[in-house]
Amino acid sequence: MAEEKWVVMVTAQTPTNIAVIKYWGKRDEVRILPINGSISVTLDPDHLCTLTTVSVSPSFDRDRMWLNGKEISLSGSRYQNCLREIRSRADDVEDKEKGIKIAKKDWEKLHLHIASHNNFPTAAGLASSAAGFACLVFALAKLMNVNEDPSQLSAIARQGSGSACRSLFGGFVKWNMGNKEDGSDSVAVQLVDDKHWDDLVIIIAVVSSREKETSSTSGMRESVETSLLLQHRAKEVVPVRILQMEEAIKNRDFTSFTKLTCSDSNQFHAVCMDTSPPIFYMNDTSHSIISLVEKWNRSAGTPEIAYTFDAGPNAVLIAKNRKVAVELMQGLLYCFPPKPDTDMKSYVLGDTSIVKEAGLEGELPQGIKDKIGSQDQKGEVSYFICSRPGRGPVVLQDQTQALLHPQTGLPK
């Protein structure tokens, strides 16, 4: 087999997810087991996703990976854990068209080439590692003919990045905390698919696409060691919120959903400030956006927009329906206008039809001015992404989308 030059490839696309009940803190650093359960919404992969091509060939002399065009090391324990777990579950693979057979036992000695690309900023609080590890595990499982369901695969992806387990499904997803020491019951399950609550529109204000000063991994560790609020949150608060959030999602109860989402985001950031030394993921622009949404909901008399912030300053705003989203986009562009030389096509990404509906000509309607109030400190937004709840990972059949060359297995 060593003299053969064939290359077998699989390319997959996996969405990112945004937690509405947050995961923060591990009870086991190695297996990545959380101190509380969490719930997330999967974003439409057309707008935010990771694309990963995995390939195998007897001509490869070692495992290699390229992330966003740059080669990175696979020596870290997180990558090694995922690779080991997937290889141990590999099965026979046959490509009759190419006349290739890979026996189950051969996977241990065959090497892999992996190329991955995010269509959004890496390590800026938009769950890039979640989409990345989920895509890696999903693509490798397809390449190696692994016969496991998404929940079982989620337990492998979790060992790369905790939140990755939730990107193995579309719609709304729950990551069960689990109780077993080996982590076998700490898996993700789908609560509802992406069609269940398709009125929702998600607008992300990318306040900063720079890498954050305190990574999630080190931030969590410091919070677990020093924050008393985190211990209270994990034991007393989150278990109740999880049940309430499941009910709100099932019933499409936006009022309860908003209250829970905003409260949980604020408590997560309070935990970060309760950590020693304190961690500040949000900035002045983040706070301005919270103020805008709080004023909006008070003025409307009923919650129309939920906000949530992960470990970074970027705001994820969830609008009740498209009408609210169009008005919100008008308000956001009024408060956070693009710089004079910025092309609108690079300022609002994703579902740009919302911007067309919002219209950019003329005066802002008085009704929207009343909702946002006076914004003295406008702050800065790098750009917006308009999205919606989306589906889970898929294999892409179009070989032109592959990131590796079909003959060499090297980046295109």
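This briefing walks through the sheet, the cores, the aromatic pairs and the cysteines of the structure above. The model is a predicted one, so please read every value here as computed from that prediction. Three things to look for are an open sheet of 5 strands, a largest nonpolar core of 65 residues and a set of 11 aromatic pairs.

**The sheet and its helices**

- Start with the open sheet, where 5 strands follow the order β15-β16-β14-β18-β17 with mixed pairing.
- Its edges are β15 (305-308) and β17 (348-350), each of which pairs on one side only.
- On average, neighbouring strands of this sheet are turned by 25° against each other, direction ignored.
- As a reminder, strands of a sheet pair through backbone hydrogen bonds, either parallel or antiparallel.
- The strands β17 and β18 run parallel and are joined by 3 bridges.
- Look for valine 348 here: its bridge partner in β18 is phenylalanine 384.
- Helix α6 (residues 254-274) lies across β15 and β16 (315-319), and runs at about 25° to β15.
- Helix α7 (residues 284-300) also packs on the sheet, where it touches β14 (201-206), β15 and β16. The direction of helix α7 makes about 155° with that of β15.

**The nonpolar cores**

- In soluble globular proteins, nonpolar side chains tend to be buried together.
- Which residues touch the most other members of the largest nonpolar core? They are Phe257, Met329 and Phe384, out of 65 residues in that core.
- Helix α8 (residues 322-335) gives this core its largest share, 8 residues.
- Leaving aside residues up to four places away in sequence, methionine 329 touches Ile203, Val348, Ile354, Val355, Ala358, Phe384 and Cys386.
- There is also a second, separate core of 55 residues, and among its members are Leu168, Val173, Ala234 and Ala311.

**Aromatic pairs**

- The structure holds 11 aromatic pairs in total.
- In one of them, the rings of tyrosine 79 and phenylalanine 133 have centres 4.9 Å apart. Their planes meet at 35°, so this pair counts as tilted.
- That pair links distant parts of the chain, since tyrosine 79 sits in helix α1 (residues 77-88) and phenylalanine 133 in helix α2 (residues 128-143), 54 residues apart.
- Are these two rings' residues buried or exposed? Tyrosine 79 is buried, with a relative accessible area of 17%, and phenylalanine 133 is buried too, at 9%.
- Another pair, tyrosine 347 and phenylalanine 384, is edge-to-face, with 5.5 Å from centre to centre and 90° between the planes.
- This pair also links distant parts of the chain: tyrosine 347 belongs to helix α9 (residues 344-347) and phenylalanine 384 to strand β18 (residues 383-387), 37 residues apart.
- Both tyrosine 347 and phenylalanine 384 are buried.
- Phe172, Trp197, Phe254 and Phe257 form one aromatic cluster.

**A buried asparagine**

- Asparagine 81 is found in helix α1 and is buried, with a relative accessible area of 11%.
- Apart from residues up to four places away in sequence, asparagine 81 touches Val30 and Gln159.

**Cysteines**

- How many disulfides does a search of the whole structure find? The search finds 0.
- The sulfur of cysteine 165 is 11 Å from the closest cysteine sulfur, in cysteine 82, and that is too far for a bond.
- Cysteine 165 is buried, with a relative accessible area of 0%.
- Cysteine 262 is in no disulfide either, and the nearest cysteine sulfur, in cysteine 272, is 17 Å away.
- Cysteine 262 is buried, at 8% relative accessible area.

Note on methods:
Residues are numbered from 1 along each chain as its sequence is written. This is a predicted model: local features need pLDDT of at least 70, side-chain atom pairs count only at pLDDT 80 or more; totals for chains, interfaces and linings use all residues. Side-chain values use heavy atoms; hydrogens and water are left out. Rings of Phe, Tyr and Trp (its six-membered ring) pair if their centres lie within 6.5 Å; planes under 30 degrees apart count as stacked, over 60 as edge-to-face and the rest as tilted. Helices (H or I, at least four residues) and strands (E, at least two) are DSSP runs, numbered from the N terminus. Buried means under 20% relative accessible area, exposed over 50%, partly exposed in between (1.4 Å probe, protein chains only). Contact means heavy atoms within 4.5 Å. Two strands pair if DSSP finds at least two bridges between them. Axes are lines fitted to C-alpha atoms, for helices over the stretch in contact, and angles run from 0 to 180 degrees between N-to-C directions. A nonpolar core is a set of buried Ala, Val, Leu, Ile, Met, Phe, Trp, Tyr and Cys residues joined through side-chain atoms within 4.5 Å. A disulfide is a pair of cysteine sulfur atoms within 2.5 Å.
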